[in-house]
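User: Could you zoom in on one spot where two helices pack together and walk me through it? I'm new to this, so keep it casual.

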Amino acid sequence: MATVGNAPQAGTAKDFDIVETYHRLLSDDPDLTMPVAAIEALIELLVQSRAVTVFETLDLVKTQSDYLKSQIPNSISLSAGTDLFQRYMISSLKPSSTGNFDSVRQHLLSNGRLFVSRAKAGREKIANYGRHFVRDETVVLTHGGSRVVGALLGKAAEASASGGNVRFKVIYVMNDTRSSESKAVVSSLRLKGVPVATISEGAVGYAMGKVDLVIVGAEGCVENGGIISRLGTYQIALLAKAAGKPFYVAAESHKFVRLYPLGQYDLGIDQEVIKFKTEDEPDLTDAERTFANRTPTIEERSEYFGSSPIALPRPNTVVDAVDFTPPALISALITESGVLTPSAVSEELISLWY
Amino acid sequence: MPSLQAGYAPNLSFYLKSLKAQPVESSIENLISLLKRRQITNSRPCAVATAHLLLQVVAKFRWTNIDKLIKRIQDVGRRLIEAQPREMVVGNIVRRVLGMVRDEAKEDRNEDASDSASNSQSDRGASHSGGPPPTFSPLRFSTTDDSDSTEATGDDVFEGQSHGASRPPLITSHTSYAPAGGLPPQKSMFQLLSANPSPASTPPGAQSPQNTSNLNATSLAHRITTSTKDLKAEVIEGIEEIVDELDQADDRIAAQSLEYIHSNEVILTHSSSKSVQKFLLEAAKKRKFTVIIAESYPNDHEATHKSVTRSISTDAEGADELSTPKFSKSLSDAGITVILMTDATIFAIMSRVNKVILATHAVIANGGLIAAAGARIIAKAARVHRTPVIVVSGVYKLSPQYPFEFESLIEYGDPGNIVRYQDGALVENLEVDNPVYDYVPPDLVDLYITNIGAHAPSYLYRIVADHYKTEDINFDKPELQ
């Protein structure tokens, strides 16, 4: 029994590849978030699988989730989705619960699209909550390509039901490594009549004096209430704190992830952000492979934390790199269940896991 | 006793006395004009007046349907909030009552669905709302005969325990299987995947919704009409509980004072708050300590001076209903060394202060507070000296609304308090502002002491979730819902 799922590809149809499915889902629908794409991929896996017992199914979902995570360089966001899915299955398949195996399976299989639309509706809801943070004559600083923030600012720019639209300005921090995404966000805002100023990442501190509030998106909200977000968020949060400006995070609650990072190098992913080089030796020598000089890799960390990934994931490139913003810098999280303080995240997670 | 028409300035006690005799509609109008004219001000009098008015509204309103009652309370609440939006307690009390009515209605529904599981359900409801009493028995009598009307009880007669677990749709979240200690959150992360799209019920599993819908459609409407009388009594009892809570809040807070005030400490406070006074007086029964009072000129200095030396029951509106003998003792009579000083010396004296105790006007959901002007100076000075800041506040002052714009919460008072209107030269050439309140951000506060215990500012969201229902938070602003 236990052997069924242990090899990632065994037990299912040979032609189903969860990683490929995940990538296809993400590219098919640009509005899909990573956790929801992971959930969709797992639902497709259930469609393909012939597992008939509860244990078999849970084991399959678990191994395939781990396999998917191992194949994606930054698996933090998607692991929120796979965890949520697994917890949902476990809790609804408990003997004390109402659901029996067939009905739960049927519910999941038949409602794939519903989950996606709910996730998108959640974004609308966040935009509705969040647009009240944007007041007349305010200047909002943001960065990255978060769709929630885009929806929120778009909503704020629209004329409200009571008449008259909010006149606000946006300072957008350009990202050189992802300039096409930055340009798309900026032009869509300008199209809605919002005056947008673009600044480089080096100008954030300079611009902070003109800013009234900061709104950013997140890839994942971790257990202590901090967020994992596009590289550069942490420094913006630090500068906002230093200037006494409120720093808000707009994120759906399915991005809450069970992770408790204590610092930047503690995220469980490899990032090639800090690379030491000299002119004559372009590659690292053994002497330089010390803990202090470089972002520690998974292999070094697993010595202490004992994780056993199926395969070591590829390191995260600078383009996709993320950083961790600690909860003390965050004023509030705008989620579809309301405006939460950072400490509310851990409670939501605890209620999910225990 | 002079009536409202007699030319006396009407205040809370007159209003409360007039409530019984007058028709509800004129009572509502009365309170609205009292609020508008600022003849009832400050948190507690507003809260007490609102609670008593809602009691009359519920008692005198004929209703057949719980939705009608909720609608009625919402209408009245909306008018009161419009009359004086900065008295946030008015909205808080209306929301508390609405949440309590919803709880009672839900309980009623639960009792209908099954008797066997109602105990665990009711406990959950009680701990969730905080306010209502843990007595649920009256409703159960009317429902003992209809176990056949619900399929739910039909197949589970033999094992009530498993039945309790198999009826999650009536609970607000999936945590029915979670350890009993955990309160159910308003909404859960499972909402994304749940079978039932309604936010009120997110059960794992697919069959139960049929049971509920059946229940809702047929038996429920019938049941509510038949048990309206009982429900009404329950609701009135619930509002009386809230009134009691308002009365006892300060005593409950004061009872904790010995844990926070130690012998020979130097405490700094400002303005003339009764909550703080009681807190200090209670501690003074056992301990000797020094209190430094900043006089909070120009809005509250007279009352502050009085509180130090003379009976405080003679000033300030709303005091009349609290004028018990033990309370009319002044701080110096109680053996406290009192030092009165101007607001300008706050920073200079802060290095000698052990603890700062602040009173509030309102506490907001992010953990910040609105307090008498000068509070932020004190909190900031305390932060510079790393002096702990303790805020005493009844839970009724805790508002679930998120303050998007802190400036809008600050009220500006009579500039004549600063520059007299007779002083022509100044009045002509100056713009004089007199803010009555200050906003103190949550990171300047170390601890909140409420009538239900002491909490960190970051925990307040939890108390908000326990006391108010999400659907009521923005009831006065439909565009936000």
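Analyst: The crossing of H3(A) and H5(A) is right-handed (the near helix is turned clockwise from the far one by less than a right angle; anticlockwise would be left-handed). This is a predicted model, where local features need pLDDT of at least 70 and side-chain atom pairs 80 or more, while totals for chains, interfaces and linings use all residues. Residues are numbered from 1 along each chain, with chains lettered from A and ligands numbered from 1 as written.

H3 covers residues 34–48 of chain A and H5 covers residues 76–92 of chain A; their axes sit 7 Å apart at an angle of about 45°. That angle makes H3(A) oblique to H5(A) (not under 35, over 145 or 65 to 115 degrees).

Who touches whom? On the H3(A) side you'll find A:Met34, A:Pro35, A:Val36, A:Ala38, A:Ile39 and A:Leu42, and they meet H5(A) residues including A:Leu78, A:Gly81 and A:Phe85 (contact means C-beta atoms, placed from the backbone, within 7 Å). The residues of this contact split into 10 nonpolar, 3 polar and no charged (Gly counts as polar; Asp, Glu, Lys and Arg as charged).

Now for chain B. The domain assignment gives domain 1 (4–247) and domain 2 (256–480). Their contact takes 33 residues from domain 1 of chain B and 24 residues from domain 2 of chain B. On the domain 1 side, H5(B) supplies the largest share, 10 residues. By class, that side has 12 nonpolar, 14 polar and 7 charged residues.

Technical notes:
Axes are lines fitted to C-alpha atoms, for helices over the stretch in contact, and angles run from 0 to 180 degrees between N-to-C directions. Helices (H or I, at least four residues) and strands (E, at least two) are DSSP runs, numbered from the N terminus. Two residues are in contact if their C-beta atoms, placed from the backbone, lie within 7 Å. Domain bounds come from an automatic or database domain assignment.
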